[in-house]
Amino acid sequence: MATTKDLRRTRIKRAIRAKIAGSAERPRLTVYRSNTAVYAQLVDDQAGKTLFSATSYKKDKVNNNIEAAKAVGKAIADKAKAAGITKVVFDRNGYLYHGRIKSLAEGAREGGLQF
């Protein structure tokens, strides 16, 4: 049993990553949230490369709410669609599918990504 939130998230994260992997045709959409911003990346695990990234980070401003997360989801979807990618694998990175993570996923779906 995990003693802290970080250890719990790490355990869940390892379990998720053992089951999913991204490829060039279907990259992994991974999410990270901090106290100040939300980040998203499309990763090709076979090549070990990040294809695209998007963030809500703005210097000297906390931009970490549900609307900002939805905008990040739409931004990453636009970049992926421009490259011809429509299907991804969603990696919530051990976070609960709620709030900012859910909003980012909905924004990516509205942008045209399928997962």
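These are my notebook entries on the sheet, the helices, one salt bridge and the largest pocket of a predicted model.

**Entry 1: the sheet**

I began with the strand order. The sheet is open and has four strands, in the order S3-S2-S1-S4, with mixed pairing. I noted strand S3 (49-55) and strand S4 (89-91) as the edge strands, since each of them pairs on one side only. From one strand to the next, the twist averages 20°. As background, I wrote down that strands of a sheet pair through backbone hydrogen bonds, either parallel or antiparallel.

**Entry 2: S2 with S3**

I then went through the pairs. Strand S2 (residues 38-44) pairs with S3 in the antiparallel sense, and I logged six bridges for this pair. For the register I looked up two positions: Tyr-39 stands opposite Thr-55 in S3, and Gln-41 has Ser-53 in S3 as its bridge partner. The connection is a hairpin, with four residues between S2 and S3. Gly-48, in the turn, has a positive phi of about 70°.

**Entry 3: S1 with its two neighbours**

In which sense do S1 and S2 pair, and over how many bridges? I found the antiparallel sense and six bridges. A hairpin with four residues joins S1 to S2. On S1 I followed Arg-28, whose bridge partner in S2 is Val-43. Arg-28 also stands opposite Val-89 in S4. S1 and S4 run parallel and are joined by three bridges.

**Entry 4: helices on the sheet**

Which strands does helix H2 (residues 66-82) lie across? I listed strand S1 (28-33), S2 and S3, and H2 runs at about 140° to S3. Helix H3 (residues 100-110) also packs on the sheet, where H3 touches S1, S2 and S4. The direction of H3 makes about 145° with that of S1.

**Entry 5: salt bridges**

I counted salt bridges with a cut-off of 4 Å between the side-chain nitrogen of Lys or Arg and a carboxyl oxygen of Asp or Glu. The count comes to five. I looked up one of the five, between Asp-45 and Arg-17, where the closest N and O atoms are 3.6 Å apart. Asp-45 lies in the loop between S2 and S3 and Arg-17 in helix H1, so this pair ties together parts that are 28 residues apart in sequence. The general remark I kept beside this entry is that side chains of opposite charge can pair when their charged atoms come close.

**Entry 6: the largest pocket**

I recorded a volume of about 240 Å³ for the largest pocket. Its lining consists of Lys-5, Asp-6, Arg-8, Arg-9, Arg-33, Gly-94, Tyr-95 and Leu-96. Which element gives the largest share of this lining? Helix H1 (residues 5-19) does, with four residues. I sorted the lining by class and got five charged residues, two nonpolar and one polar.

Definitions and conventions. Residues are numbered from 1 along each chain as its sequence is written. This is a predicted model: local features need pLDDT of at least 70, side-chain atom pairs count only at pLDDT 80 or more; totals for chains, interfaces and linings use all residues. Side-chain values use heavy atoms; hydrogens and water are left out. On a 1 Å grid over the protein atoms alone, a cavity is a set of points where a 1.4 Å probe fits but cannot get out, and a pocket is an open set with protein on both sides within 12 Å along at least five of seven lines; lining residues have an atom within 4 Å of a point. Grid points are joined across faces, edges and corners, and a volume is the space filled by probe spheres set on the points. Ala, Val, Leu, Ile, Met, Phe, Trp, Tyr, Cys and Pro count as nonpolar, Asp, Glu, Lys and Arg as charged, and the others, Gly among them, as polar. Two strands pair if DSSP finds at least two bridges between them. Axes are lines fitted to C-alpha atoms, for helices over the stretch in contact, and angles run from 0 to 180 degrees between N-to-C directions. Contact means heavy atoms within 4.5 Å.
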